[in-house]
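Trainee: I should like to take a close look at one part of this model, the packing of two helices, and then see how that part relates to its surroundings. Please describe it step by step.

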Amino acid sequence: MHELAITQGVVDAVCERAQGRRVETVTVRVGVLTAVVPDAMRFCFDLVTAGTAAEGARLEIDQPAGAGRCRACAAAFPLDGPVLLCPCGSADVQVVSGRELQIVSMKVG
């Protein structure tokens, strides 16, 4: 379960930045192509925040859709999974969105 390691990293970064202040909300952006399961991340968040400045905080997850652009025909199209294939048949695809994994914001009290 890589969500545990990812969530631990998020909580560590947030608590360091909070400098002892109570964290109320953490917002992260996790693209659909990252293979991170939002429900698993929420579960892990509750576990790893115990005893930290983020204990009891709410985790908000923004999940951008996957999108690609074909280098062969220049078409833009949605990506629903890990298969990067343009409708024209080309596999020369650039991922435009969906692989984001970042802390967007946090609210401290």
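Mentor: In this predicted model, helix α1, residues 2–18, packs against helix α2, residues 38–48, at an angle of about 55°, and their axes lie 9 Å apart. That angle makes α1 oblique to α2. The crossing of α1 and α2 is right-handed. On the α1 side, the contact is made by E3, L4, I6, T7, Q8, V10 and V11; on the α2 side, A40, M41, C44, F45 and V48 take part. Sorted by class, the contact of α1 with α2 comprises 9 nonpolar, 2 polar and 1 charged residues.

The surroundings of this helix pair include a sheet. Three strands form an open sheet in the order β2-β1-β6, with mixed pairing. At its edges stand β2 (58–62) and β6 (101–108), each of which pairs on one side only. From one strand to the next, the twist averages 20°. Within this sheet, β1, residues 23–30, pairs with β6 in the antiparallel sense over 7 bridges, and T25 stands opposite K107 of β6. Helix α1 packs on this sheet and touches β1 and β6; the direction of α1 makes about 40° with that of β6. Helix α2 also packs on the sheet, where it touches β1 and β2, and the direction of α2 makes about 160° with that of β2. Strand β1 is thus touched by α1 and by α2.

The cysteine of the helix contact leads to the question of disulfides. C44 is one of the α2 residues that meet α1. A search of the whole structure finds 0 disulfides. C15 is accordingly in no disulfide, and the nearest cysteine sulfur to it, that of C44, is 15 Å away. Elsewhere, the sulfur of C73 has its closest cysteine sulfur in C86, at 3.7 Å, which is too far for a bond; the cut-off applied to a pair of cysteine sulfur atoms is 2.5 Å.

A further sheet completes the description. This open sheet of 3 strands has the order β4-β3-β5, and its pairing is antiparallel. Strands β4 (76–79) and β5 (93–97) stand at the edges with a single partner strand each, so one side of each is left without a neighbour in the sheet. Neighbouring strands here are turned by 35° against each other on average, direction ignored. Strand β3, residues 66–70, pairs with β5 in the antiparallel sense over 4 bridges, and C70 stands opposite V93 in β5.

Terms used: Residues numbered from 1 in each chain as written. Predicted model: local features only at pLDDT ≥ 70, side-chain atom pairs only at ≥ 80, totals over all residues. Heavy atoms only, no water. Pairing = 2+ DSSP bridges. Helix = DSSP H or I, 4+ residues; strand = E, 2+ residues; numbered from the N terminus. Axes fitted to C-alpha atoms, helices over the stretch in contact; angles between N-to-C directions. Parallel < 35°, antiparallel > 145°, perpendicular 65-115°, else oblique. Left-handed = near helix turned anticlockwise from the far one by under 90°. Contact = heavy atoms within 4.5 Å. Nonpolar A, V, L, I, M, F, W, Y, C, P; charged D, E, K, R; others polar.
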